[in-house]
Amino acid sequence: MIEFKQVCIRAGDFQLDKISFEVGSGQYAVLMGRTGRGKTTILESLCGLRRVQSGQIMVRGMDVTHWPPADREIGYVPQDLALFPTFTVAEHLQFALKLRSFHKTQIDHRVEELAEMLGIAHLLKRGIDGLSGGESQRVALGRALSFRPTVLLLDEPLSALDAETRDEIQALLRTLTDSTGVTTLHITHNTAEAAALADRCFHIRDGQVIEDAKTN
Amino acid sequence: MTEHAINRTGEAKSHRTRRRSDLPFFLVMSGISSCFILLIVLLLAADLMFTSLEDFKAAVMKPEIQSAFRLTILSCTVAALLSIWVATPLGYLLSRYRFPGRLLIDTIVDIPIVLPPLVLGLSLLILFHLPIGGWELEAWLRDDVGFPVTYRWPAVILAQFSVSCAFAVRTMRVTFDQINPRAEDVARTLGCSRGQAFLQVALPQAWRGMIAATTIAWARALGEFGPILVFAGATRMRTEVLSTTVFLELSIGQLNAAVAVSLLMVVMAAIVLVVLRVLGTGLTS
(Lines give C-alpha, C1' and ligand atoms only; values in the text may rest on other atoms or scores of the structure.)
Protein backbone atom coordinates (compact mmCIF):
# COMPACT_ATOMS: atom_id res chain seq x y z
CA MET A 1 0.00 0.00 0.00
CA ILE A 2 2.78 2.43 1.00
CA GLU A 3 6.23 1.94 -0.46
CA PHE A 4 9.35 4.10 -0.29
CA LYS A 5 11.91 3.14 -2.94
CA GLN A 6 15.42 4.55 -2.46
CA VAL A 7 13.99 7.93 -1.42
CA CYS A 8 16.39 10.79 -0.64
CA ILE A 9 15.02 13.76 1.25
CA ARG A 10 16.95 16.84 2.31
CA ALA A 11 15.45 18.93 5.10
CA GLY A 12 17.53 21.67 6.67
CA ASP A 13 20.75 20.30 8.10
CA PHE A 14 20.05 16.61 7.76
CA GLN A 15 19.44 14.27 4.92
CA LEU A 16 17.63 10.96 4.65
CA ASP A 17 19.52 8.96 2.09
CA LYS A 18 18.00 6.19 -0.01
CA ILE A 19 15.39 5.07 2.49
CA SER A 20 13.25 2.12 1.54
CA PHE A 21 10.39 0.48 3.39
CA GLU A 22 6.96 -0.92 2.70
CA VAL A 23 3.70 -1.09 4.63
CA GLY A 24 1.05 -3.51 3.45
CA SER A 25 -2.65 -2.78 2.92
CA GLY A 26 -4.60 -2.37 6.18
CA GLN A 27 -1.50 -2.63 8.36
CA TYR A 28 -0.79 -0.36 11.33
CA ALA A 29 2.86 0.69 11.13
CA VAL A 30 4.67 2.67 13.78
CA LEU A 31 7.76 4.72 12.99
CA MET A 32 10.10 5.45 15.88
CA GLY A 33 13.32 7.36 16.23
CA ARG A 34 15.01 10.10 18.20
CA THR A 35 13.95 13.74 17.85
CA GLY A 36 15.25 15.48 14.74
CA ARG A 37 15.94 12.27 12.79
CA GLY A 38 13.35 12.96 10.09
CA LYS A 39 10.21 11.10 11.14
CA THR A 40 7.94 14.06 10.39
CA THR A 41 9.88 14.68 7.17
CA ILE A 42 9.00 11.17 5.98
CA LEU A 43 5.32 11.75 6.75
CA GLU A 44 5.34 15.12 4.97
CA SER A 45 6.98 13.56 1.91
CA LEU A 46 4.36 10.84 1.88
CA CYS A 47 1.44 13.24 1.94
CA GLY A 48 3.09 15.59 -0.58
CA LEU A 49 3.98 18.55 1.61
CA ARG A 50 7.72 18.05 1.12
CA ARG A 51 9.60 17.40 -2.10
CA VAL A 52 11.95 14.46 -2.37
CA GLN A 53 15.37 14.71 -4.00
CA SER A 54 15.17 11.34 -5.68
CA GLY A 55 13.54 7.93 -5.44
CA GLN A 56 9.91 6.88 -5.68
CA ILE A 57 6.96 7.00 -3.30
CA MET A 58 4.26 4.48 -4.19
CA VAL A 59 0.74 4.54 -2.75
CA ARG A 60 -1.91 1.98 -3.81
CA GLY A 61 0.59 0.78 -6.41
CA MET A 62 0.84 4.22 -8.06
CA ASP A 63 3.89 6.43 -8.21
CA VAL A 64 2.73 9.56 -6.38
CA THR A 65 6.21 11.09 -5.94
CA HIS A 66 5.36 14.25 -7.84
CA TRP A 67 1.62 14.41 -7.16
CA PRO A 68 0.20 17.42 -5.31
CA PRO A 69 -1.10 16.63 -1.77
CA ALA A 70 -4.72 17.10 -2.84
CA ASP A 71 -4.54 14.21 -5.32
CA ARG A 72 -2.92 11.65 -3.01
CA GLU A 73 -6.06 10.87 -0.95
CA ILE A 74 -4.03 10.54 2.26
CA GLY A 75 -5.44 11.54 5.67
CA TYR A 76 -2.92 13.49 7.74
CA VAL A 77 -3.02 14.43 11.43
CA PRO A 78 -0.02 16.66 12.20
CA GLN A 79 1.49 16.89 15.66
CA ASP A 80 0.02 20.36 16.29
CA LEU A 81 -3.31 19.17 14.78
CA ALA A 82 -3.61 22.46 12.83
CA LEU A 83 -7.37 22.69 13.25
CA PHE A 84 -9.03 25.52 11.34
CA PRO A 85 -9.67 28.38 13.80
CA THR A 86 -12.70 29.78 11.95
CA PHE A 87 -14.47 26.41 11.50
CA THR A 88 -16.91 24.64 13.78
CA VAL A 89 -16.34 20.96 14.60
CA ALA A 90 -19.01 19.97 12.05
CA GLU A 91 -17.36 22.13 9.37
CA HIS A 92 -14.07 20.29 9.97
CA LEU A 93 -15.78 16.99 9.21
CA GLN A 94 -17.64 18.42 6.18
CA PHE A 95 -14.67 20.22 4.61
CA ALA A 96 -13.06 17.43 2.53
CA LEU A 97 -16.49 16.15 1.43
CA LYS A 98 -17.59 19.60 0.23
CA LEU A 99 -14.35 19.87 -1.75
CA ARG A 100 -15.32 16.61 -3.44
CA SER A 101 -18.79 18.02 -4.23
CA PHE A 102 -20.67 15.38 -2.23
CA HIS A 103 -24.43 15.86 -1.96
CA LYS A 104 -25.64 17.52 1.25
CA THR A 105 -27.46 14.41 2.48
CA GLN A 106 -24.33 12.30 1.95
CA ILE A 107 -22.27 14.88 3.86
CA ASP A 108 -24.77 15.01 6.73
CA HIS A 109 -24.83 11.22 6.91
CA ARG A 110 -21.04 10.96 6.94
CA VAL A 111 -20.67 13.69 9.59
CA GLU A 112 -23.23 11.92 11.77
CA GLU A 113 -21.43 8.60 11.31
CA LEU A 114 -18.01 10.08 12.12
CA ALA A 115 -19.29 12.04 15.13
CA GLU A 116 -20.85 8.89 16.50
CA MET A 117 -17.69 6.85 15.92
CA LEU A 118 -15.44 9.51 17.51
CA GLY A 119 -17.80 10.45 20.35
CA ILE A 120 -18.00 14.12 19.37
CA ALA A 121 -21.69 14.38 18.39
CA HIS A 122 -22.31 16.84 21.24
CA LEU A 123 -19.51 19.12 19.97
CA LEU A 124 -20.59 19.48 16.34
CA LYS A 125 -21.90 23.05 16.61
CA ARG A 126 -18.98 24.32 18.68
CA GLY A 127 -15.94 26.21 17.47
CA ILE A 128 -12.54 24.75 18.29
CA ASP A 129 -11.76 27.26 21.05
CA GLY A 130 -12.04 25.60 24.40
CA LEU A 131 -11.90 22.01 23.13
CA SER A 132 -9.82 19.75 25.36
CA GLY A 133 -6.71 18.00 24.01
CA GLY A 134 -8.61 14.73 23.56
CA GLU A 135 -11.56 16.44 21.86
CA SER A 136 -9.24 18.34 19.48
CA GLN A 137 -7.48 15.08 18.67
CA ARG A 138 -10.80 13.42 17.84
CA VAL A 139 -11.80 16.34 15.58
CA ALA A 140 -8.45 16.16 13.75
CA LEU A 141 -8.88 12.40 13.32
CA GLY A 142 -12.43 12.86 12.03
CA ARG A 143 -11.29 15.51 9.56
CA ALA A 144 -8.52 13.21 8.27
CA LEU A 145 -10.83 10.19 7.94
CA SER A 146 -13.87 12.05 6.60
CA PHE A 147 -13.15 11.39 2.91
CA ARG A 148 -12.38 7.69 3.55
CA PRO A 149 -8.68 7.79 2.68
CA THR A 150 -6.88 4.51 2.18
CA VAL A 151 -3.83 5.81 4.08
CA LEU A 152 -3.76 7.62 7.43
CA LEU A 153 -0.68 9.43 8.77
CA LEU A 154 -0.45 10.28 12.46
CA ASP A 155 2.35 12.46 13.82
CA GLU A 156 2.72 11.79 17.55
CA PRO A 157 -1.03 11.86 18.11
CA LEU A 158 -0.85 10.92 21.79
CA SER A 159 2.16 12.91 22.96
CA ALA A 160 0.33 15.97 24.32
CA LEU A 161 -2.42 14.07 26.15
CA ASP A 162 -2.81 13.12 29.80
CA ALA A 163 -2.54 9.42 30.67
CA GLU A 164 -6.29 8.74 30.81
CA THR A 165 -7.07 10.54 27.53
CA ARG A 166 -4.06 8.85 25.92
CA ASP A 167 -5.50 5.44 26.75
CA GLU A 168 -8.90 6.48 25.35
CA ILE A 169 -7.48 7.81 22.09
CA GLN A 170 -5.17 4.79 21.78
CA ALA A 171 -8.16 2.47 22.04
CA LEU A 172 -10.07 4.67 19.59
CA LEU A 173 -7.22 4.52 17.08
CA ARG A 174 -7.20 0.75 17.19
CA THR A 175 -10.98 0.56 16.78
CA LEU A 176 -11.01 3.11 13.94
CA THR A 177 -8.21 1.51 11.99
CA ASP A 178 -9.70 -1.98 12.43
CA SER A 179 -13.18 -0.88 11.36
CA THR A 180 -12.09 1.24 8.38
CA GLY A 181 -9.22 -0.97 7.23
CA VAL A 182 -7.13 2.15 6.62
CA THR A 183 -3.37 1.65 6.25
CA THR A 184 -1.77 3.67 9.03
CA LEU A 185 1.69 5.13 9.59
CA HIS A 186 2.05 6.46 13.13
CA ILE A 187 5.03 8.34 14.56
CA THR A 188 5.82 7.99 18.24
CA HIS A 189 8.63 8.00 20.80
CA ASN A 190 6.72 5.76 23.14
CA THR A 191 7.58 2.05 23.02
CA ALA A 192 4.48 1.04 25.03
CA GLU A 193 2.30 2.91 22.54
CA ALA A 194 4.07 1.19 19.67
CA ALA A 195 3.69 -2.22 21.30
CA ALA A 196 -0.04 -1.66 21.87
CA LEU A 197 -0.85 -0.48 18.36
CA ALA A 198 1.71 -1.64 15.84
CA ASP A 199 1.46 -4.50 13.37
CA ARG A 200 4.80 -3.33 12.01
CA CYS A 201 7.43 -1.28 13.82
CA PHE A 202 10.13 0.76 12.06
CA HIS A 203 13.05 2.72 13.50
CA ILE A 204 15.10 5.51 11.97
CA ARG A 205 18.77 4.83 12.62
CA ASP A 206 21.70 6.52 10.88
CA GLY A 207 19.43 8.03 8.25
CA GLN A 208 17.88 4.67 7.38
CA VAL A 209 14.46 3.17 8.09
CA ILE A 210 14.95 -0.26 9.62
CA GLU A 211 12.15 -2.62 10.58
CA ASP A 212 12.08 -4.08 14.06
CA ALA A 213 13.10 -7.76 13.84
CA LYS A 214 10.07 -8.84 15.94
CA THR A 215 7.54 -7.49 13.47
CA ASN A 216 9.46 -8.22 10.29
CA MET B 1 29.25 38.99 64.61
CA THR B 2 27.32 36.09 66.13
CA GLU B 3 25.32 33.63 64.07
CA HIS B 4 22.13 35.04 65.60
CA ALA B 5 23.06 38.56 64.59
CA ILE B 6 23.86 37.41 61.02
CA ASN B 7 20.46 35.70 60.76
CA ARG B 8 18.72 38.86 61.98
CA THR B 9 20.57 40.95 59.38
CA GLY B 10 19.54 38.48 56.67
CA GLU B 11 15.91 38.64 57.76
CA ALA B 12 15.99 42.44 57.78
CA LYS B 13 17.42 42.42 54.21
CA SER B 14 14.75 40.02 52.96
CA HIS B 15 12.06 42.23 54.56
CA ARG B 16 13.45 45.23 52.69
CA THR B 17 13.35 43.26 49.39
CA ARG B 18 9.73 42.35 49.88
CA ARG B 19 8.78 45.95 50.58
CA ARG B 20 10.11 47.17 47.23
CA SER B 21 7.39 49.04 45.39
CA ASP B 22 6.49 48.96 41.70
CA LEU B 23 5.44 52.60 41.94
CA PRO B 24 8.71 54.07 40.53
CA PHE B 25 8.43 51.70 37.53
CA PHE B 26 4.91 52.85 36.72
CA LEU B 27 5.78 56.51 37.38
CA VAL B 28 8.75 56.43 34.99
CA MET B 29 6.96 54.44 32.29
CA SER B 30 3.76 56.48 32.41
CA GLY B 31 5.74 59.72 32.73
CA ILE B 32 7.65 59.04 29.51
CA SER B 33 4.53 57.78 27.71
CA SER B 34 2.43 60.75 28.75
CA CYS B 35 4.85 63.19 27.05
CA PHE B 36 3.66 62.02 23.62
CA ILE B 37 -0.02 61.80 24.58
CA LEU B 38 0.19 65.28 26.10
CA LEU B 39 1.79 66.70 22.95
CA ILE B 40 -1.07 65.41 20.74
CA VAL B 41 -3.75 66.56 23.20
CA LEU B 42 -2.15 70.01 23.43
CA LEU B 43 -1.99 70.27 19.62
CA LEU B 44 -5.70 69.49 19.33
CA ALA B 45 -6.57 71.76 22.25
CA ALA B 46 -4.65 74.64 20.67
CA ASP B 47 -6.55 74.13 17.39
CA LEU B 48 -9.86 74.06 19.26
CA MET B 49 -9.02 77.22 21.21
CA PHE B 50 -7.85 79.02 18.08
CA THR B 51 -11.10 78.51 16.18
CA SER B 52 -14.72 79.05 17.15
CA LEU B 53 -17.91 77.19 16.29
CA GLU B 54 -18.93 80.06 13.97
CA ASP B 55 -15.62 79.83 12.08
CA PHE B 56 -16.03 76.09 11.83
CA LYS B 57 -19.61 76.37 10.52
CA ALA B 58 -18.61 79.10 8.06
CA ALA B 59 -15.74 77.00 6.74
CA VAL B 60 -17.83 73.84 6.44
CA MET B 61 -20.58 75.72 4.55
CA LYS B 62 -18.16 76.88 1.83
CA PRO B 63 -19.00 75.03 -1.44
CA GLU B 64 -15.28 74.51 -2.16
CA ILE B 65 -14.75 72.81 1.17
CA GLN B 66 -17.90 70.71 0.80
CA SER B 67 -16.66 69.58 -2.61
CA ALA B 68 -13.23 68.79 -1.13
CA PHE B 69 -14.93 66.84 1.67
CA ARG B 70 -16.88 64.71 -0.82
CA LEU B 71 -13.81 64.05 -2.96
CA THR B 72 -11.76 63.19 0.14
CA ILE B 73 -14.27 60.63 1.40
CA LEU B 74 -14.63 59.10 -2.06
CA SER B 75 -10.95 59.05 -3.00
CA CYS B 76 -9.79 57.73 0.39
CA THR B 77 -12.38 54.94 0.28
CA VAL B 78 -11.49 53.93 -3.28
CA ALA B 79 -7.73 54.08 -2.49
CA ALA B 80 -8.23 51.98 0.67
CA LEU B 81 -10.35 49.37 -1.15
CA LEU B 82 -7.86 49.14 -4.02
CA SER B 83 -5.05 48.84 -1.45
CA ILE B 84 -6.64 45.91 0.36
CA TRP B 85 -7.28 44.12 -2.94
CA VAL B 86 -3.60 44.39 -3.84
CA ALA B 87 -2.18 44.03 -0.32
CA THR B 88 -3.92 40.75 0.51
CA PRO B 89 -2.38 38.60 -2.26
CA LEU B 90 0.97 40.41 -2.11
CA GLY B 91 1.18 40.14 1.68
CA TYR B 92 0.30 36.43 1.43
CA LEU B 93 2.94 35.71 -1.21
CA LEU B 94 5.64 37.55 0.75
CA SER B 95 4.67 35.78 3.95
CA ARG B 96 4.34 32.22 2.64
CA TYR B 97 6.81 31.71 -0.18
CA ARG B 98 10.57 31.94 -0.63
CA PHE B 99 11.18 32.76 -4.29
CA PRO B 100 13.96 34.39 -6.30
CA GLY B 101 13.71 38.18 -6.07
CA ARG B 102 11.61 38.09 -2.90
CA LEU B 103 14.00 40.40 -1.08
CA LEU B 104 13.92 42.82 -4.00
CA ILE B 105 10.10 42.84 -4.06
CA ASP B 106 10.06 43.30 -0.29
CA THR B 107 12.29 46.36 -0.70
CA ILE B 108 10.29 47.78 -3.63
CA VAL B 109 7.11 47.59 -1.52
CA ASP B 110 8.76 49.76 1.14
CA ILE B 111 9.94 52.47 -1.30
CA PRO B 112 6.70 54.55 -1.15
CA ILE B 113 6.99 54.52 2.66
CA VAL B 114 10.51 55.94 2.76
CA LEU B 115 10.36 58.13 -0.35
CA PRO B 116 9.76 61.87 0.26
CA PRO B 117 6.10 62.51 -0.72
CA LEU B 118 6.98 65.21 -3.26
CA VAL B 119 9.40 62.83 -4.98
CA LEU B 120 6.66 60.23 -5.27
CA GLY B 121 4.35 62.81 -6.87
CA LEU B 122 7.07 63.91 -9.22
CA SER B 123 7.82 60.30 -10.16
CA LEU B 124 4.13 59.68 -10.95
CA LEU B 125 4.05 62.82 -13.08
CA ILE B 126 7.18 61.76 -14.99
CA LEU B 127 5.85 58.22 -15.48
CA PHE B 128 2.66 59.48 -17.11
CA HIS B 129 4.41 62.04 -19.31
CA LEU B 130 7.62 60.21 -20.29
CA PRO B 131 7.76 59.81 -24.07
CA ILE B 132 8.80 56.25 -24.99
CA GLY B 133 9.49 56.12 -28.72
CA GLY B 134 6.82 58.74 -29.36
CA TRP B 135 4.30 56.99 -27.09
CA GLU B 136 3.17 58.62 -23.84
CA LEU B 137 1.02 56.98 -21.17
CA GLU B 138 -1.03 60.10 -20.37
CA ALA B 139 -1.60 60.91 -24.04
CA TRP B 140 -2.68 57.32 -24.70
CA LEU B 141 -5.09 57.33 -21.73
CA ARG B 142 -6.50 60.74 -22.74
CA ASP B 143 -6.78 60.28 -26.52
CA ASP B 144 -7.31 56.55 -27.03
CA VAL B 145 -8.94 55.35 -23.79
CA GLY B 146 -10.77 58.60 -23.04
CA PHE B 147 -9.66 58.54 -19.40
CA PRO B 148 -7.24 61.38 -18.64
CA VAL B 149 -5.49 61.03 -15.30
CA THR B 150 -3.00 63.82 -14.57
CA TYR B 151 -4.45 66.89 -12.82
CA ARG B 152 -7.82 65.17 -12.48
CA TRP B 153 -9.54 63.11 -9.77
CA PRO B 154 -8.02 59.74 -10.85
CA ALA B 155 -4.61 61.28 -10.13
CA VAL B 156 -5.75 62.00 -6.56
CA ILE B 157 -6.72 58.35 -6.06
CA LEU B 158 -3.55 57.02 -7.71
CA ALA B 159 -1.34 59.28 -5.56
CA GLN B 160 -3.16 58.18 -2.40
CA PHE B 161 -3.09 54.51 -3.46
CA SER B 162 0.69 54.56 -4.14
CA VAL B 163 1.43 55.31 -0.50
CA SER B 164 -1.49 53.71 1.35
CA CYS B 165 -1.05 50.37 -0.46
CA ALA B 166 2.53 50.06 0.85
CA PHE B 167 1.25 50.37 4.42
CA ALA B 168 -1.56 47.91 3.73
CA VAL B 169 0.92 45.35 2.30
CA ARG B 170 3.07 45.61 5.45
CA THR B 171 0.01 45.03 7.65
CA MET B 172 -1.23 42.08 5.60
CA ARG B 173 2.19 40.48 5.56
CA VAL B 174 2.42 40.61 9.36
CA THR B 175 -1.15 39.27 9.53
CA PHE B 176 -0.29 36.21 7.43
CA ASP B 177 3.02 35.75 9.31
CA GLN B 178 0.96 35.32 12.47
CA ILE B 179 -1.36 32.72 10.92
CA ASN B 180 -0.12 29.12 11.23
CA PRO B 181 0.61 27.85 7.69
CA ARG B 182 0.11 24.24 8.87
CA ALA B 183 -3.66 24.64 8.61
CA GLU B 184 -3.28 25.42 4.89
CA ASP B 185 -0.94 22.41 4.51
CA VAL B 186 -3.53 20.13 6.09
CA ALA B 187 -6.25 21.66 3.88
CA ARG B 188 -4.16 20.68 0.87
CA THR B 189 -3.97 17.06 2.03
CA LEU B 190 -7.77 17.15 2.38
CA GLY B 191 -8.18 18.02 -1.29
CA CYS B 192 -7.60 21.78 -1.57
CA SER B 193 -5.56 23.43 -4.26
CA ARG B 194 -3.28 26.22 -3.00
CA GLY B 195 -5.91 28.74 -4.11
CA GLN B 196 -8.69 26.97 -2.21
CA ALA B 197 -6.49 26.71 0.91
CA PHE B 198 -5.86 30.46 0.69
CA LEU B 199 -9.50 31.39 0.12
CA GLN B 200 -11.16 28.92 2.47
CA VAL B 201 -8.64 28.53 5.31
CA ALA B 202 -6.16 31.44 5.42
CA LEU B 203 -8.37 34.34 4.34
CA PRO B 204 -11.16 33.78 6.92
CA GLN B 205 -8.47 33.94 9.63
CA ALA B 206 -7.08 37.19 8.23
CA TRP B 207 -10.20 39.38 8.48
CA ARG B 208 -8.97 41.33 11.49
CA GLY B 209 -5.73 42.12 9.67
CA MET B 210 -7.76 43.13 6.61
CA ILE B 211 -9.79 45.58 8.69
CA ALA B 212 -6.59 46.96 10.20
CA ALA B 213 -4.96 47.26 6.76
CA THR B 214 -8.02 49.03 5.30
CA THR B 215 -8.08 51.43 8.26
CA ILE B 216 -4.39 52.21 7.92
CA ALA B 217 -4.71 52.65 4.14
CA TRP B 218 -7.72 54.98 4.56
CA ALA B 219 -6.00 57.05 7.24
CA ARG B 220 -2.80 57.28 5.17
CA ALA B 221 -4.81 58.39 2.12
CA LEU B 222 -6.54 61.07 4.20
CA GLY B 223 -3.22 62.54 5.26
CA GLU B 224 -1.68 62.43 1.78
CA PHE B 225 -0.72 65.85 0.43
CA GLY B 226 2.64 66.10 -1.39
CA PRO B 227 2.03 63.58 -4.22
CA ILE B 228 -1.51 64.93 -4.75
CA LEU B 229 -0.23 68.51 -5.05
CA VAL B 230 2.37 67.53 -7.66
CA PHE B 231 0.45 64.87 -9.61
CA ALA B 232 -3.17 66.06 -9.34
CA GLY B 233 -2.64 69.76 -8.67
CA ALA B 234 -4.78 71.83 -6.31
CA THR B 235 -7.64 72.99 -8.50
CA ARG B 236 -10.62 74.10 -6.42
CA MET B 237 -13.78 72.02 -6.95
CA ARG B 238 -11.86 69.54 -9.14
CA THR B 239 -8.81 67.98 -7.50
CA GLU B 240 -9.03 69.59 -4.10
CA VAL B 241 -9.08 67.23 -1.14
CA LEU B 242 -9.12 68.39 2.48
CA SER B 243 -5.34 68.23 2.90
CA THR B 244 -5.01 70.53 -0.14
CA THR B 245 -7.76 72.76 1.29
CA VAL B 246 -5.65 73.40 4.38
CA PHE B 247 -2.75 74.40 2.11
CA LEU B 248 -4.94 76.60 -0.15
CA GLU B 249 -6.66 78.36 2.75
CA LEU B 250 -3.29 78.99 4.40
CA SER B 251 -1.85 80.35 1.15
CA ILE B 252 -4.62 82.98 0.92
CA GLY B 253 -4.26 83.91 4.59
CA GLN B 254 -7.48 82.23 5.77
CA LEU B 255 -5.97 80.74 8.92
CA ASN B 256 -9.35 80.27 10.61
CA ALA B 257 -10.68 78.20 7.72
CA ALA B 258 -7.43 76.19 7.57
CA VAL B 259 -7.70 75.32 11.26
CA ALA B 260 -11.41 74.49 10.92
CA VAL B 261 -10.68 72.09 8.04
CA SER B 262 -7.83 70.56 10.06
CA LEU B 263 -10.23 69.87 12.90
CA LEU B 264 -12.71 68.41 10.44
CA MET B 265 -10.00 66.01 9.28
CA VAL B 266 -9.20 65.06 12.88
CA VAL B 267 -12.89 64.29 13.49
CA MET B 268 -13.13 62.24 10.26
CA ALA B 269 -10.01 60.24 11.10
CA ALA B 270 -11.23 59.64 14.66
CA ILE B 271 -14.66 58.47 13.47
CA VAL B 272 -13.17 56.05 10.93
CA LEU B 273 -10.65 54.66 13.42
CA VAL B 274 -13.25 54.21 16.16
CA VAL B 275 -15.89 52.70 13.86
CA LEU B 276 -13.45 50.19 12.37
CA ARG B 277 -12.04 49.27 15.77
CA VAL B 278 -15.51 48.79 17.24
CA LEU B 279 -16.45 46.74 14.18
CA GLY B 280 -13.31 44.64 14.69
CA THR B 281 -13.99 44.07 18.38
CA GLY B 282 -17.66 43.33 17.74
CA LEU B 283 -16.82 40.74 15.13
CA THR B 284 -14.35 39.09 17.48
CA SER B 285 -16.83 38.72 20.30
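## Domains of chain B

Domain bounds come from an automatic or database domain assignment. In this predicted model, that assignment splits chain B in two: domain 1 covers 1-50, and domain 2 covers 52-284. Taken over C-alpha atoms, the centres of the two domains of chain B are 42 Å apart.

Contact between these domains involves 4 residues of domain 1 and 4 residues of domain 2. On the domain 1 side, 3 of the touching residues are nonpolar and 1 is charged. No polar residue appears there.

## Where the chains meet

Chain A puts 18 residues in contact with 15 residues of chain B. Three elements of chain A each give two or more residues to its side: α2 (69-72), β6 (74-77) and α3 (89-99). The largest share comes from α3(A), with 3 residues.

By class, the chain A side has 14 nonpolar residues. Another 3 are charged, and 1 is polar.

## The nonpolar core

The largest nonpolar core holds 125 residues. Those with the most contacts inside this core come from both chains: A:L31, A:L46 and A:L153, along with B:A168, B:A217 and B:V261. Helix α8 of chain B, residues 153-177, gives the most to the core, with 14 residues.

Take B:V261, one of the residues with the most contacts inside the core. Leaving aside residues up to four places away in sequence, B:V261 touches B:A59 and B:I65. B:V261 also touches B:L242, B:T245, B:V246 and B:E249.

Methods. Residues are numbered from 1 along each chain as its sequence is written. Chains are lettered from A and ligands numbered from 1 in the order in which they are written. This is a predicted model: local features need pLDDT of at least 70, side-chain atom pairs count only at pLDDT 80 or more; totals for chains, interfaces and linings use all residues. A nonpolar core is a set of buried Ala, Val, Leu, Ile, Met, Phe, Trp, Tyr and Cys residues joined through C-beta atoms within 7 Å. A residue is buried if 20 or more other C-beta atoms lie within 10 Å of its own, exposed if 12 or fewer, and partly exposed in between; C-beta atoms are placed from the backbone. Helices (H or I, at least four residues) and strands (E, at least two) are DSSP runs, numbered from the N terminus. Two residues are in contact if their C-beta atoms, placed from the backbone, lie within 7 Å. Ala, Val, Leu, Ile, Met, Phe, Trp, Tyr, Cys and Pro count as nonpolar, Asp, Glu, Lys and Arg as charged, and the others, Gly among them, as polar.
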